[in-house]
Amino acid sequence: MNTPMFADQRWSLMQLSDSFFPSGSFTLSHGLESLIQSQEIRSTQDLRDFLELILHNKIGSMDVVALRQAHRASANNDNREIQAIDALLFARTLLQPNRDSQCKSGRALLMVSRSTWNSPKLDAIHTCIQIGKMHGLHPIIFAVVGQSIGLDEDNTIFAFLHGFLTGVCGAALRLGLIGHINAQILLKEMAPQLEMITQKTIGMDLDDMWSCTPLIDIAQMTHGALPQHLFLN
């Protein structure tokens, strides 16, 4: 009786965390493009440093905390709490370009997910966004999608972090910073960091959210002024 459900959850995990899943995240570089053009990132080691900084000081310390709490709220069918978490993360995301990209990728994720999986929870979130009760930030939508298709908190977070990591490595590849082999090596070496962040956020609540990545924030703020660019941020 449990085997088909287990197989279905594994498939959903792979599908949601695959870079082939069209959530719009492949259009984001999270400031990497600006830092490459300014030559502040020049090597694979620089890219590793960038990833560790943004994962531990921003994504893991803020987005993942909100995601975990939103997953719990979704499990409790508490749409008001999901809306409150979405509003708090929006307020804590200080840069306007980041808020815009989070909303765009979140809504794209929701659109694809509603087309892929039949879920009243996803329909309810869509309605909340349509009537202006939610911004629909990407980590919040990801949490509800993961919970609604049967993934537990940790697997949803791991899928979210995996998608972020592969997205940035894909951006580095398209920007000519690294090649395919080095990208795969870097992904393998960064895997323990994802597990560390996942475990670290288990006991954190919304009051524990924080971020501190000033150099990356400046890079994201100046991205729009680049003479040419491939990515939205």
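The following paragraphs describe helix packing and selected residues in a predicted model. Residues are numbered from 1 along each chain as its sequence is written, and side-chain values use heavy atoms, with hydrogens and water left out. Because the model is predicted, local features need pLDDT of at least 70 and side-chain atom pairs count only at pLDDT 80 or more, whereas totals for chains, interfaces and linings use all residues.

Helix α7 spans residues 138-148 (helices being DSSP runs of H or I of at least four residues, and strands runs of E of at least two, numbered from the N terminus) and is mostly covered, with 10 of its 11 residues buried, where buried denotes under 20% relative accessible area, exposed over 50% and partly exposed the range in between, for a 1.4 Å probe and protein chains only. The buried residues of α7 are His138, Pro139, Ile140, Ile141, Phe142, Ala143, Val144, Val145, Gly146 and Gln147. After α7 comes Gly150, with a positive phi near 95 degrees.

Two packed helices are described by the angle between their axes and the distance between the axes. Axes are lines fitted to C-alpha atoms, for helices over the stretch in contact, with angles from 0 to 180 degrees between N-to-C directions. For helix α3 (residues 44-75) and α7, the axes come within 8 Å and cross at roughly 40 degrees. The two helices are therefore oblique to each other, given that angles under 35 degrees count as roughly parallel, over 145 as roughly antiparallel, 65 to 115 as roughly perpendicular and the rest as oblique. The crossing of α3 with α7 is right-handed, meaning that the near helix is turned clockwise from the far one by less than a right angle, an anticlockwise turn being left-handed. Contact (heavy atoms within 4.5 Å) joins residues of α3, among them Asp63, Ala66 and His71, to residues of α7, including Pro139, Phe142 and Gln147. The residues of this contact of α3 with α7 comprise 9 nonpolar, 4 polar and 1 charged, where Ala, Val, Leu, Ile, Met, Phe, Trp, Tyr, Cys and Pro count as nonpolar, Asp, Glu, Lys and Arg as charged, and the others, Gly among them, as polar.

Helix α3 also packs with helix α9 (residues 180-200), the axes coming within 11 Å and crossing at roughly 35 degrees, again in a right-handed sense. Leu47, Leu51 and Arg68 are among the α3 residues in this contact, and Leu186, Met190 and Ile197 are among those of α9. The contact of α3 with α9 has 9 nonpolar, 6 polar and 4 charged residues.

Phe164, in helix α8 (residues 153-174), counts as buried at 9% relative accessibility. Beyond its neighbours within four places in sequence, Phe164 is in contact with His30, Leu51, Ile54, Leu55 and Ile59. His30 itself lies in the loop between α1 (2-17) and α2 (32-37) and is buried at 17% relative accessibility. Most residues other than glycine have a negative phi; the phi of His30 is nevertheless positive, near 60 degrees, as is that of Gln39, near 65 degrees, in the loop between α2 and α3.

Thr93, in the loop between α4 (79-92) and α5, is buried with a relative accessible area of 5% and, leaving aside neighbours within four places in sequence, is in contact with Met62, Asn98 and Arg99. Ser105, located in helix α5 (residues 96-116), is likewise buried, with a relative accessible area of 5%. A polar atom of the Ser105 side chain lies 3.4 Å from the backbone oxygen of Gln102.

How values were computed:
Polar contact = N/O pair within 3.5 Å; in protein donor to acceptor, adjacent residues only side chain to side chain.
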